[in-house]
Structures are given as C-alpha cells and as structure tokens.
Amino acid sequence: MRASPNMKPALETLRAAISRLEGHTNRRRSVLPFGVREIDSRLPGGGLALGALHEVAGGGNDALHGAAAGQFVAGIAARTRGKVLWIVTRQDVFGPALKQAGLSGRRVIYVEAVSEADVLACFEEGLRHGGLGAVVADVARLSMTASRRLQLAAETSGALGLAIRRWRRQTEAADFGQPTASATRWRVSVLPSVGLPVPGVGRPRWLLELIRARAGECADFEVEACDAKGRLAYSRGLAGGLALPAALANRPDQEAAGARRARA
C-alpha cells in the first residue's frame, strides 16, 4: 500500500527515531568510491562509507594467510589521505606487496599487539583519534559488542575502519558468519590470472564477494587486483554475473617516478 501524503511526515519521523536508536546520525556520510560503476552502484552513497567499519576476509585457503584480502584492503587504504595505522598480531605483513597495491610504506604505522584484546583496544583508539586516513587490524574473532564499539568510534571521528578477518585454523573461519555491526562485509578469493601473449604471469585476479552491505545489495564481482593507484581494473564478468568495464591500467610507481624527478 502506497503511503498517503499525510503519512509521510510520520514515516520520516519514525525512520529518524530508528536511526538514532541504531546510533546513526542524520548527516550525509562521505564515501570512497571504487571507481567501478557496477560495484559502486551496489553500495549506498556510491562507494565505501567513511566513518564506518568494514570487514574483509580471504576465501578458501586465503582465510588463513589473508594475502589477497590484505592487498584489497591496502588498495582501499592507499586511496585515503593521511597515515594508515596497521595493527597485527603476526609479523607477516609484506611491505612490497602493500606498495604494489598503492600503499607506500612511508604512510604506514605498524603496531604489533600480543593478544586479540590488545588488537581491539588499539583498533578502537586509532579510530577515535580521527587524524588517520584509515585504521587496519587483523582480527580473528569479532563479537557484536566489539564491532559496535568500533563502529561508534569510526562514526565519531569519521575514520575508515578495515578489519581483516584471519584465523589460524580453517575451522575458526565459521566465525565470519556471525552478525556484526560492520557496514560492509567482503570476501576475496584468488582466481587464475589471464593468459598473456608472451611468456610470463598475468595480473592477479580476484572473485570479490560483497556478502553484506547495510542498506545496499549483495553481489559477486570478478576483478583484476589493485594497481599502483590502489584501483581495481577490468576483468570479464562471471557467467550470468557482471562485467566490470573499468578502463584503469597499471600506473608507474609514483615513489620511483618522484625519486627520478628529484635526481634530475
């Protein structure tokens, strides 16, 4: 049944009350677009919400080491401004891989925590700080209470929170199905790279699954991995799925180009 004009003010009031109870504000939230229409159109506001918490996990065997998930997150963080706080419990973050996804090591501040509780505490403090481009943390378990605190901290400062869900045992990955307060939830699985006309290895490809999007739509995308600007590139669509015509090519390493200009 279509709402009558007399009912609309009451409906708007009710929506505003629900939003306040959920801890949301009425201000328009800024977003970070991926630059790919088929992905951005599935996200409210046309991009990844800033001032929010987002979860990313690897698919298959990548659920344990999170290599593709880490590069996907690095590409997102690379497109923000300011320093990036990266919180880990294991010393296995490979700097050159982050740089390949556009995230310079000069922008990253690493924090090694000894426990999950310390990770969550540093994560929350980093989000409340408000002076960072993004806050990234390796998180195995994420309860509704913990995720709610992180989401509220991100909303308060407007910071971008990125939780990389990694586990030490495959059976622990079932925790990824538990509800949280995150704005979006992603899973990144590695696909075979496209063959080249000459000997060599083609650009990495991912199956990017948007498992949950608050006020948005779930979808699967087949993309090429982040380039040196942190952007996804063209890849043919899944059978019956979406083709992603992102005409973004690999760009030269900006740090190396800057160094060459300085020497000249």
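This passage describes the nonpolar cores, the surroundings of Asp-40 and the cysteines of a predicted model. Local features were required to have pLDDT of at least 70 and side-chain atom pairs pLDDT 80 or more, whereas totals for chains, interfaces and linings use all residues. Residues are numbered from 1 along each chain as its sequence is written, and side-chain values rest on heavy atoms, with hydrogens and water left out.

The largest nonpolar core (buried Ala, Val, Leu, Ile, Met, Phe, Trp, Tyr and Cys residues joined through side-chain atoms within 4.5 Å; buried meaning under 20% relative accessible area, exposed over 50% and partly exposed in between, with a 1.4 Å probe and protein chains only) comprises 39 residues, and Ile-39, Trp-86 and Trp-186 have the most contacts inside it. Among the elements that each supply at least two residues of this core are helix H4 (67-78), strand S4 (84-88) and strand S8 (184-191), helices (H or I, at least four residues) and strands (E, at least two) being DSSP runs numbered from the N terminus. H4 gives the most, with eight residues. A second, separate core of 18 residues includes Leu-53, Val-135, Ala-153 and Ala-163.

Asp-40, found in helix H2 (residues 37-40), is in contact (heavy atoms within 4.5 Å) with Pro-33, Phe-34, Gly-35, Gly-46 and Gly-47, once its neighbours within four places in sequence are left aside. A polar atom of the Asp-40 side chain lies 3.0 Å from the backbone nitrogen of Gly-35.

A search of the whole structure finds zero disulfides (pairs of cysteine sulfur atoms within 2.5 Å). Cys-226 counts as buried because its relative accessibility is 11%, whereas Cys-122, at 29%, counts as partly exposed.

Note on methods: Polar contact = N/O pair within 3.5 Å; in protein donor to acceptor, adjacent residues only side chain to side chain.
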